[in-house]
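This briefing gathers selected local features of the structure shown below, grouped by topic for reference.

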Amino acid sequence: MLMSAAPAVKPKNLTAYYTALEAYEKQGVTHEGALRSAFQNLLAETGRRTGWTLIPELASGAIRPDGTFRDEYFLNRGYWEAKDTNDNLEAEIRKKIAKGYPLTNIIFEDTQRAYLYQNGQVAMQADLTQRAQLTNLLITFFSYTEPAHEDFSSAVEDFKQRVPDLARGLVQIIQDAHATNTAFQKAFKSFFTVCKESLNPNLSEAAVDEMLVQHLLTERLIRTIFDSQDFIRRNVIAREVETVIDALVSKAFNRHEFLKSLDTFYLAIESAAKTIENFSEKQHFLNAVYERFFQGYSVKAADTLGIVYTPQEIVDFMCASVEQVLQDEFGKTLSDTSVNILDPCTGTGNFIVNLLRRIPKRDLKRMYTQQLFANEVMLLPYYIAALNIEHAYYERTGAYERFDGLCFVDTLELAEGSEQQFAFMTEENTARVERQKTAPITVIIGNPPYNVGQINENDNNKNRKYKVIDERIRVTYAKDSKATLNTKLYDPYVKFFRWAVDRLEGRDGIVCFVTNNSFVHKIAFDGMRKNLLQDFTRLHHADLHGSVPDNPKLSGTTHNVFGIQVGVGITVAIRKAQHADRVLLYHRVPEDWRKEEKLSWLAGKQNVATVEWQDLRPDENHTWLIPTDADTFATFLPIGTRETKGQRGPDAQSIFKSFSLGVATNRDQWVYDFSEENLALKLERFIKNYNYEVFRLSQEPSIPARLDDFVNNDPAFLKWTDRLKASLRAERTLSYDKSQIRRALYRPFTRMNLYFDGLLNQRRYKQHRFLPTLSAERENYSICVSDRGHRAEFSTLVTSTLPDLHLLASVDGFQCFSFYVYNEDGTNRRENITDWSLKQFQDHYRNPGITKWDIFYYVYGMLHHPGYREKFADNLKRELPRIPFAPDFQAFTSAGKQLARFHLEYETLEPYDLQWIESDDVPLSYRVDRMKLSKDKTALMVNDSLTLAGIPPDVFAYRLGNRSALEWIIDQYRIKTDKRSHIRSDPNRPDDEEYIVRLIGQVVRVSLETVEIVRGLPGESGG
């Protein structure tokens, strides 16, 4: 357990504390900022003698205690929070507790009184004016002993919380060794070279340091949980790592003493493991520890590689399905001499362990030594997989034998071709890899990484590129796709599908994966779907869905089988040359099923043979899940198409010739602001920081091989994008241009200032041709609609200012169809509605008086029609809107024109007359911090001084995305601080204090007018 020796509280430090307070009192100083400095000095001095370091204002998530104490191993040992003497200390403590301040060992004080919380309870109260009580407080605080864990669950959870701190301590020790320990430097250099050659040529030293940390922190658990004291000696990779560790501990580092800090967790985890006799349960137990370790220690690794273990029900279903398909389709068993099985991303080895239990004992040794293969690229899961698999074999045979089919290698690296001649870590591992490469694999099974790549460039956490696999995707999946954006085709799980097809090398066989299942229905994967049905003759997909972005009503924790946000599915793909046709079989479990129900369903079905499959017939666009009413929808006029968008000449056969996504800045917190002045200050700082990086780079003899590691990745310093890094590489400097500040519609009825720059906005798309100048804003309108594949409710809004990419839903992109287009300098204005569409409308309605503006408003009215939206909801997810001919053209045109007027002119409307409820105790203020609706949604608390009541229920019927228009205002018009950059956003306007309150009334009116107009639309939309 974590213990501290009783500290010596020096009398001179106490005297200095009281003297400082007396001096402040004489000066009339009572505010917290000054008074706390005296107590801070007292704490710092006492902590120093205890071996604890006081770190002021150390942020941890949403909390920032005035002081955090850390020991020599970087573990947090205590906290301190100071308040003003004039504050109600008990009330302030309750606020901090509600905010999540840790109560393990924390002092709350106001220079007069103090509360000490330990282990979630008040340990003592002290009168700080009394020297004896203050002394007792300090001794109790700095003598804190953390209690041992009595149960496994709390031990594992605290292990997850502690590991980051201990890991930081190990990283610091390793970094010091890099600088001062020659034996370590030599051993590390050799190991680092081998790792780069074997695993990843782009591997950084930091990643290898991370391997050493993983090994040091978990090696004890691996030995004790599996009762395998000689694991290090037996495992080919562990031996190599230990060589480097030996060099590390050879100088000024006591491995045993350092790890003693985790005794309380190790012992609880080890004790829990000893109570588990069933090996399947022990696997589940170890998976839990393993997953928590990565969640706590290596968040980036967990994100990049999808560190999440596979539930046993899924493993059972997949392994049983492979066994069944081998029998039904090929007349073979799992242990047939021609069946060679590979798990390419084995994690903790669960699939191979499951298969071992299915193989008859008479064939087990042959399969184990010759026909089973598995790969893993992460060190910790590789260790666990080795122990898991070898232990499973021992349980069935009574004899221990190393599993030589397990390779420490990046599977996708093996596809890089025969030209790669590198050794793979060790001679033994290399021999394993070479044997696997020549094996005629017929079954590939596993759980590939599922993630969608790096979200933030500052994270410096990109998925690796693979020359051969990426090229194979380019000439197959991407080439056959009609999607505008196909970056998702390079997600890791897609690469594994591409690799698996190629790894079969034309042989009959089976690929069985559990993956992100976006490829089944998302637009970007049309080319992949086409190729899968060319590559396989039978394809089963069990859709377990659980995609939170696609259905925000779901919970990843509750409804997803992995507890993640993306949808999941099991694919069993069969290639058999004798099949005369190709069959696509699909089953989707109910949308509202919880995780437990889905896993129970898999357990009940056991394998693919008992599932009630739906025989799908893809259309010519390689759509598997064809929406209802697709044939009818296809007869309508397209609002815009990819083909006509790039077509030269006047004959484009769509309503609008050109269209564009909204502005994608990739650094909203830097280039958007409610205040033009604040925006200018931010941009000047951003550009100054960027130019400093250009200067630093110019001083280097050559451009660093890893520019990502060279740049300052602090989000408070810069927000990087790949394009900005390319500009840096070219040593191009930037300058601030005030004329680039433009008005923009950031979210519904939320105008902000935008720095509209071709580089500092990641993608402007065509917005600089739709609204190139301020004068264009006075004459040009754009209809913005949910893009294909949208996840929130279908929405539309018209704007005369620059729209953001995520205008109406932060999870979706929005395509914009403008009436005019221009040259980039604002010249050459031309109509964007085509002559072809004008003729279609004039001919259909036999009315040559119909104008292009009539068509514009007709489209806007139609896109609001509830019947149209409901009937063609699935179609609108698959493609951009198509517009039918309604029986009453004029009704839709008039409605669209009225809607556009309210939506464009909302800031000039007379606000709806809400009831003002003013506080008797607080002076009236219009300033907003965070507004809040009443539970019945009839009143909105603006601040402590003002509540606006009498909100009609119909206001919430006008929805944009997953919120009503009023709820968007509540969400956007609040003071908030970006967690990464610490940039503060304040919507209050010093020049117009009543703006937000007035806006609330205006949006209420817009909402009611919109609902009334939409209800007045004709019942028949023409669809």
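Strand β20 (residues 750–755) is mostly covered, with six of its six residues buried. The model is a predicted one, and the points below begin with this strand and its partners before turning to a second sheet, salt bridges, one buried cysteine and two helix contacts.

**Strand β20 and its partners**

- Thr750, Met752 and Leu754 point to one side of β20, while Arg751, Asn753 and Tyr755 point to the other, and all of them are buried.
- Strand β19 (residues 741–747) pairs with β20 in the antiparallel sense through six bridges.
- Within that pairing, Ile741 has Tyr755 of β20 as its bridge partner.
- The hairpin of β19 and β20 has two residues between the strands, and Phe749 there takes a positive phi near 60 degrees.
- Strand β18 (residues 672–673) also pairs with β20; the sense is antiparallel and there are two bridges.
- Asp673 is bridged to Asn753 in β20.

**The salt bridge of Asp673**

- Besides its backbone partner in β20, Asp673 has a salt bridge to Lys682, with the closest N and O atoms 3.0 Å apart.
- Asp673 has a relative accessible area of 5% and is therefore buried.
- Lys682 has a relative accessibility of 8%, so this residue counts as buried too.

**The four-stranded sheet**

- Four strands in the order β17-β24-β21-β22 make up an open sheet with antiparallel pairing.
- The edges are β17 (660–661) and β22 (796–799); each has a single partner strand, so one side of each has no neighbour in the sheet.
- In general, the strands of a sheet pair through backbone hydrogen bonds, in either the parallel or the antiparallel sense.
- β17 is joined to strand β24 (residues 814–818) by two bridges, and the two strands run antiparallel.
- Ser660 has Cys816 in β24 as its bridge partner.

**Other salt bridges**

- The whole structure contains 49 salt bridges.
- One of these links the side chains of Asp470 and Lys495, at 3.1 Å from N to O.
- Asp470 belongs to helix α19 (residues 467–478) and Lys495 to helix α20 (residues 492–503), so this pair ties together parts that are 25 residues apart in sequence.
- Both Asp470 and Lys495 are buried.
- Arg963 and Asp971 form a further salt bridge through their side chains, at 3.4 Å from N to O.
- The burial of this pair is mixed: Arg963 is partly exposed at 30% relative accessibility, whereas Asp971 is buried at 17%.
- Elsewhere, Glu81, Lys83, Glu92, Lys95 and Lys96 are joined into one network by salt bridges that share partners.

**The surroundings of Cys407**

- Cys407 lies in strand β9 (residues 406–408).
- Its relative accessibility is 1%, so Cys407 counts as buried.
- Leaving aside residues up to four places away in sequence, Cys407 touches Ala374, Asn375, Glu376, Tyr382, Asn429, Arg432, Val433 and Gln436.
- Val377 is 30 residues from Cys407 along the chain, and their C-alpha atoms are separated by 8.4 Å.

**Contact of helices α32 and α35**

- Helix α32 (residues 852–862) packs on helix α35 (residues 889–904) at an angle of about 85 degrees, with the axes 7 Å apart.
- Angles of 65 to 115 degrees count as roughly perpendicular, which means that α32 is roughly perpendicular to α35.
- On the α32 side, the contact includes Asp854, Tyr857 and Tyr860, and on the α35 side it includes Phe889, Phe892 and Lys897.
- By class, the residues of this contact are nine nonpolar, four polar and two charged.

**Contact of helices α27 and α29**

- Helix α27 (residues 676–698) and helix α29 (residues 722–729) pack at about 45 degrees, and their axes are 9 Å apart.
- This angle makes α27 oblique to α29.
- Phe686, Tyr690, Glu693, Val694 and Leu697 of α27 meet Leu724, Ser727, Leu728 and Arg729 of α29.
- These contact residues comprise six nonpolar, one polar and two charged.

Technical notes:
Residues numbered from 1 in each chain as written. Predicted model: local features only at pLDDT ≥ 70, side-chain atom pairs only at ≥ 80, totals over all residues. Heavy atoms only, no water. Pairing = 2+ DSSP bridges. Salt bridge = Lys/Arg side-chain N within 4 Å of Asp/Glu carboxyl O. Buried < 20%, exposed > 50% of the residue type's maximum accessible area, 1.4 Å probe, protein only. Contact = heavy atoms within 4.5 Å. Axes fitted to C-alpha atoms, helices over the stretch in contact; angles between N-to-C directions. Parallel < 35°, antiparallel > 145°, perpendicular 65-115°, else oblique. Nonpolar A, V, L, I, M, F, W, Y, C, P; charged D, E, K, R; others polar.
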